[in-house]
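Please open the model in your viewer and keep the selection tool at hand. The tour below moves from one selection to the next and says at each stop what is there.

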Amino acid sequence: MKERFGNDSAFIFFPRCDAKLAPRNIVSDSSQCLISAQHVSRSYDDGQVQALRDVSVEIVRGEYVAVTGPSGSGKSTLLNVIGGLDRPDQGQVYFAGQLMEQPQQLDQLRRSEIGYVFQSFYLLPTLTAWENVQLPMLESSLAARDRQQKAKQLLMSVGMGHRLNHLPTKLSVGERQRVAIARSMANDPQVILADEPTGNLDSKTGQEILDLFDSLHAAGKTLVVITHSHEVAARAQRMIEVRDGQIVSDPTPLQA
Ligand code: ADP
Ligand code: MG
């Protein structure tokens, strides 16, 4: 692997947008670049596992990006690092021109700017669908009634308005993922990061979830979706391929 995808054959990165030029900690609203990772590395087990090796990537506002690659290639690590769930050992990640650095600032981004969807949904089993969607709003300034109303609207928007009071165990896997998507939208994030969101779903249910992503994208959300599925990748505007901790292909980037 290493020989095949060593530095010589790795994708050559050309900056597409201006986030990396923004001064440290200055938010640049005019920037089209929503996320910019610069020379990011992440290793595990005291450096024995190099999950990401000097990766640079930029995500433009409104893009729908698919991330593909073999199992163990570093896709989840990349998503976690650009989503502020994990910190790189080296390199920088900017969100809307702001360096993602301080724990408080990361908390804020995770709460209000970034929505996450995972293969295993991670719904709280003791809470109803409705309560699960309200959960991320608890720290917002919304009154309880507004929280409830918003969660209801979100669940209706993903076709789950008739299952508000169901516990996750009483829902099908596809329905659980719908609830998880509604939850990811709770605080109106700018970007949804999804890690194999259709990995546990049959193909018809997976298609329905993809239709939902299409409508989120049409509504202006930026989407970054890790997938093994060609169908998912085909719906995205841009496909990034990760191998052995590096981006080896990124052929159709949008112009900033
Ligand atoms: P992918 O999502 O493409 O399957 P990951 O980003 O999950 O890949 O993992 C990349 C590499 O890092 C793999 O070799 C994996 O075993 C390793 N890895 C991921 N998370 C950890 C961890 N918490 N501790 C040790 N190794 C890890
Ligand atoms: Mg993964």
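The stops run from the whole chain to its two sheets, then to a helix and a ligand.

This is a predicted model, in which local features need pLDDT of at least 70 and side-chain atom pairs count only at pLDDT 80 or more, while totals for chains, interfaces and linings use all residues. Residues are numbered from 1 along each chain as its sequence is written, and chains are lettered from A and ligands numbered from 1 in the order in which they are written.

**The whole chain**

Begin by colouring the protein chain by secondary structure, which comes to seven helices and ten strands; helices (H or I, at least four residues) and strands (E, at least two) are DSSP runs, numbered from the N terminus. Of the 256 residues, 43% count as buried, a residue being buried if 20 or more other C-beta atoms lie within 10 Å of its own, exposed if 12 or fewer, and partly exposed in between, with C-beta atoms placed from the backbone. Among the contacts in the chain with a separation of 6 or more, 69% are between residues 24 or more positions apart; two residues are in contact if their C-beta atoms, placed from the backbone, lie within 7 Å.

**The sheet of six strands**

Next select strands 6, 7, 8, 3, 9 and 10, which form an open sheet in that order with mixed pairing; two strands pair if DSSP finds at least two bridges between them. Strand 6 and strand 10 (246-249) are at the edges with a single partner strand each, so one side of each is left without a neighbour in the sheet. The twist from one strand to the next averages 25°, where axes are lines fitted to C-alpha atoms, for helices over the stretch in contact, and angles run from 0 to 180 degrees between N-to-C directions. Zoom in on strands 6 and 7, which pair in the parallel sense over five bridges, and look for Gly-115, whose bridge partner in strand 7 is Ile-192. Then add helix 1, which packs on this sheet and touches strand 3 (64-68), strand 7, strand 8 (222-226) and strand 9 (238-243), its direction making about 155° with that of strand 8.

**The sheet of four strands**

Now select strands 2, 1, 4 and 5, an open sheet in the order 2-1-4-5 with antiparallel pairing. Strand 2 and strand 5 (98-99) each have a single partner strand and stand at the edges, so one side of each is left without a neighbour in the sheet. Strand 1 (residues 33-44) is joined to strand 2 by eight antiparallel bridges, and within this pair Ser-36 stands opposite Glu-58, while Tyr-44 has Val-49 as its bridge partner. The hairpin of these two strands has four residues between them, and there Asp-45 takes a positive phi near 55°. Towards strand 4, strand 1 makes five antiparallel bridges, and Ser-41 stands opposite Gln-90. Helix 1 also lies across strand 1, strand 2 and strand 4 (90-95), running at about 125° to strand 1.

Stay in strand 1 and pick Val-40: is this residue buried or exposed? Val-40 counts as buried because it has 22 C-beta neighbours inside 10 Å. Beyond its neighbours within four places in sequence, Val-40 is in contact with residues including Leu-52, Val-55, Val-81 and Val-93.

**Helix 5**

Move on to helix 5 (residues 173-184), whose end C-alpha atoms are 16 Å apart, in agreement with the 16 Å that twelve residues should span at 1.5 Å a residue; the expected span is 1.5 Å times one less than the number of residues. Ten of the twelve residues of helix 5 are buried, among them Arg-176, Val-179 and Ile-181. The buried residues pack against strand 6 (114-118), helix 3 (129-134), helix 4 (144-157), strand 7 (191-195) and helix 6 (203-218). Helix 5 lies across strand 6 and strand 7, at about 165° to strand 6.

**Ligand 1**

Finish by selecting ligand 1 and the residues around it, which include Tyr-44, Asp-45, Val-49, Gly-74, Lys-75 and Thr-77; a residue is near a molecule if its C-beta atom, placed from the backbone, lies within 6 Å of it. Strand 2 (49-60) and helix 1 (75-82) are the elements that give two or more residues to this shell, and helix 1 gives the most, with three.
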